[in-house]
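Colleague: I am new to this structure. Please show it to me, and then I will ask about its parts.

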Amino acid sequence: MSGASLTIRKLRRDFGAKRVLQDVDLDVARGQFVSLIGASGVGKSTLLKIIAGLDTPTSGSIRIGEPGEKPDVRMMFQEDRLLPWRSILDNVTIGTRSRETEARKLLAAVGLAGREDEFPSVLSGGQKQRAALARALLHKPDLLLLDEPFGALDALTRAAMQQLLSDLLEEAPRTVLLVTHDVEEALLLSDRVIVMRSGRIAHDLVLEGSRPRARGDATLARLKEELVRSLLLDEGQTRNGVQETASSSALEAAE
Ligand SMILES: Nc1ncnc2c1ncn2[C@@H]1O[C@H](COP(=O)(O)OP(=O)(O)OP(=O)(O)O)[C@@H](O)[C@H]1O
């Protein structure tokens, strides 16, 4: 299986009286790389956590994979979540001792060959995130959920991590959902970018053409403008307290 499909129907999540996700419908194809962007608090992480099984929806349904498949789902967070008392290798192989050879290969692929026996405290932020990425990839997940995985890194390290992720996915494609605040990151890595607003999908941009990294500067600039306009629309409406109703028609109306 090179990735699992994802089908979400009428997903809702209330925290007390607050509705954080409102009837989210989403279909992601096997092997697709989808980025979720949107203002702080619109429900991106909540959606990812529910898909990962770390939170329960108030109502609605999620199906990962086709009937009869048992897809592996892994999540990676902004903080590395490595256990400080375990070596890097032991952090990557947690729960799966038998995969040591594969773990060593993955650590080499993320540039950490020779660091296997060291402890997280002696690694830089970027190196720790690389170890966390190796851990997430060890199980060859059919669905990889990334919650701002590079958000805490400096610009250079972030660019290197984006390239690394892109290369690793090209070798072994899988379905990916990435939450990011970085529009350029979304455009560089994704096949599709979704803007969330008030707990709903407000804009769904399927990026046509060649591999994301091969898109020309003019295409990237045009797509960036479209997404930034959608995000600014969001901020304006939040400031004015206007209740959003539906989908990309809001953007079209503004054009
Ligand atoms: N366990 C919880 N209990 C109560 N409210 C919660 C809980 N988890 C999230 N929320 C609220 O749900 C809303 C959405 O949170 P979420 O973390 O999904 O937003 P986000 O879009 O990922 O934001 P950010 O970009 O800042 O990470 C926020 O208002 C948050 O306070």
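The questions below go from the domains to a strand, the core and the ligand.

Colleague: What kind of model is this, and from where are residues numbered?

Modeller: This is a predicted model; local features need pLDDT of at least 70, side-chain atom pairs count only at pLDDT 80 or more, and totals for chains, interfaces and linings use all residues. Residues are numbered along each chain as its sequence is written, from 1.

Colleague: Which domains does the assignment give, and how many residues does each put into the contact?

Modeller: The bounds come from an automatic or database domain assignment. The assignment gives domain 1 (6-72 + 145-254) and domain 2 (81-139). In contact means C-beta atoms, placed from the backbone, within 7 Å. Domain 1 gives 10 residues and domain 2 gives 8 residues.

Colleague: Is strand 7 largely enclosed or not, and why?

Modeller: Strand 7 covers residues 175-179; strands are DSSP runs (E, at least two residues), helices are runs of H or I (at least four), both numbered from the N terminus. A residue is buried if 20 or more other C-beta atoms, placed from the backbone, lie within 10 Å of its own. T175, L177 and V179 are buried on one side, V176 and L178 on the other. With 5 of the 5 residues buried, strand 7 is therefore largely enclosed by the rest of the structure.

Colleague: In strand 7, which residue is the bridge partner of L145?

Modeller: Strands pair if DSSP finds at least two bridges between them. Strand 6 (residues 143-147) pairs with strand 7 in the parallel sense over 5 bridges. Strand 3 (residues 33-37) also runs parallel to strand 7, joined by 4 bridges. The partner of L145 is L177.

Colleague: Which helix gives the most to the largest nonpolar core?

Modeller: A nonpolar core is a set of buried Ala, Val, Leu, Ile, Met, Phe, Trp, Tyr and Cys residues joined through C-beta atoms within 7 Å. The largest one has 54 residues, and L145 and L177 are among those that touch the most other members. With 6 residues, the helix that gives the most is helix 4 (residues 125-138).

Colleague: Which helix gives the largest share of the shell around the ligand?

Modeller: Among the residues that surround the ligand are F15, V20, K44, S45 and T46; near means a C-beta atom, placed from the backbone, within 6 Å. The largest share, 3 residues, comes from helix 1 (residues 44-52).

How values were computed. A residue is buried if 20 or more other C-beta atoms lie within 10 Å of its own, exposed if 12 or fewer, and partly exposed in between; C-beta atoms are placed from the backbone. Two residues are in contact if their C-beta atoms, placed from the backbone, lie within 7 Å.
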